[in-house]
Amino acid sequence: MANFAIVGATGLVGTKMIERLLESNLEVDNIYLMASSRSAGKTIKFGDRDIIVEELTENSFDKDIDYALFSAGGSTSLKFAPIAEKNGVIVIDNSSAWRMDPEIDLIVPECNTPSLDRKIIANPNCSTIQSVLPLKPLNDRFGLNRVSYTTYQAVSGSGVGGIDDLKNGEKGIAPSKYPHPIYNNVLPHIDTFLENGYTKEEMKMIEETKKILNLGDDVLITATCARVPVLNSHSVEINISLKGPATVEEVREILSNSPGIVLIDNPQNNEYPMPLNSTGHDEVFVGRIRKDISQENGFHIWTTADNIRKGAASNAVQIAELLESLK
Ligand code: A2P
């Protein structure tokens, strides 16, 4: 039995956290749903319980709470996660605020385990999560030399605003979330541009991959992230070069036996991972595995995953499941 809080419980990810927590084997004793003053007083169902949404304040964690799952934006996490931590709560934070802090664990349960040196644990970026699942076993077996990511990210990753822009765009209504229409378009732009010409999203993928897989500076990683007019589930093409030789059969075999992965790789029958396959699931779907004919020990791997589930809410709940199982 454990007591949970969900901070940002009225948002897209917070709503999925509630749903995923209900699907979990975790025994939820008390559940506290927190959001801004705008939502305070609303009632949200948690199974057959009616829970009244509380405004998040500095006193919100004075109660007996074991785990607080945060998805209310970076500034909320920066301010309130340390308050929760001071009150003995384990924070699992979906924002990017704490991810690269050297004291904070960045966790994908299939890949690494929290040290709990600090009680704040960071949930990685959505595209990073689905990419490290296949990279981890390949790195363990062959070693990674270089990784090049290209993403095709769904609008649900931008919250309700992204979904609205896609749906309204079809009716000819101008976008409000994105700088250009997303309907019938592709934006090679996610998050803000940095001085080196990359976007923050691209640098998150590069840096977070290194941290989760504990890769040295000798492993070269690059990324290009694009927003596509898909409602849900991100696709990531992962081009890798390994330190040593491997066959397509070996790569397929390893990935088909790795936790959290579903292999769909029968191109002759037009079977490969697509957003429509992965939406509604926690697994990362992997396929189109083939040798990269342009480089030694190179491979192409195509992945899709539900960015709101495995890319956010489910990974956070799985971290709580992992911690409970280690007790
Ligand atoms: P609210 O609905 O009251 O605004 P999304 O990313 O889908 O927009 O959701 C963001 C979530 O974070 C919502 O639950 C939102 O609550 C919550 N939130 C945003 N700002 C704050 C804040 N300052 N304090 C607490 N919750 C916040």
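These legends walk you through close-up views of a predicted model.

**View 1. Meet the residues around the ligand.**
Thirteen residues surround the ligand, and those that come nearest are T10, L12, S36, R38 and S39. Sorted by class, this shell holds five nonpolar, seven polar and one charged residues. The space that the ligand takes up is the second largest pocket.

**View 2. Oxygen atoms of the ligand beside the protein.**
Start with the side chain of S36, where an N or O atom is 2.5 Å from an oxygen atom of the ligand. Next, look for L12: here a backbone N or O atom lies 3.0 Å from a ligand oxygen. At G11, a polar backbone atom is 3.1 Å from an oxygen atom of the ligand. How much of the ligand does the protein bury? Taken alone, the ligand exposes 570 Å², and the protein buries 65% of that.

**View 3. Strands β13 and β14 run in parallel.**
Now move along to strand β13 (residues 261-263), which pairs with strand β14 (residues 284-291) in the parallel sense over three bridges. To find your place in this pairing, look for L263, which stands opposite V286 in β14.

**View 4. Strands β14 and β15 form a hairpin.**
Strand β14 also pairs with strand β15 (residues 298-305), in the antiparallel sense and over five bridges. A handy pair to spot is R290 and its bridge partner in β15, H300. Between the two strands of this hairpin there are six residues. Which residue in the hairpin takes a positive phi? Look at N297, whose phi is near 55°.

Note on methods. Residues are numbered from 1 along each chain as its sequence is written. This is a predicted model: local features need pLDDT of at least 70, side-chain atom pairs count only at pLDDT 80 or more; totals for chains, interfaces and linings use all residues. Side-chain values use heavy atoms; hydrogens and water are left out. A residue is near a molecule or strand if one of its heavy atoms lies within 4 Å of it. A polar contact is a pair of N or O atoms within 3.5 Å; within protein, one must be able to donate a hydrogen and the other to accept it, and residues adjacent in sequence count only if both atoms are side-chain atoms. Accessible areas come from the Shrake-Rupley method with a 1.4 Å probe; for residues, only the protein chains shown count as cover. On a 1 Å grid over the protein atoms alone, a cavity is a set of points where a 1.4 Å probe fits but cannot get out, and a pocket is an open set with protein on both sides within 12 Å along at least five of seven lines; lining residues have an atom within 4 Å of a point. A molecule sits in a cavity or pocket if more than half of its atoms lie within 2 Å of its grid points. Ala, Val, Leu, Ile, Met, Phe, Trp, Tyr, Cys and Pro count as nonpolar, Asp, Glu, Lys and Arg as charged, and the others, Gly among them, as polar. Two strands pair if DSSP finds at least two bridges between them. Helices (H or I, at least four residues) and strands (E, at least two) are DSSP runs, numbered from the N terminus.
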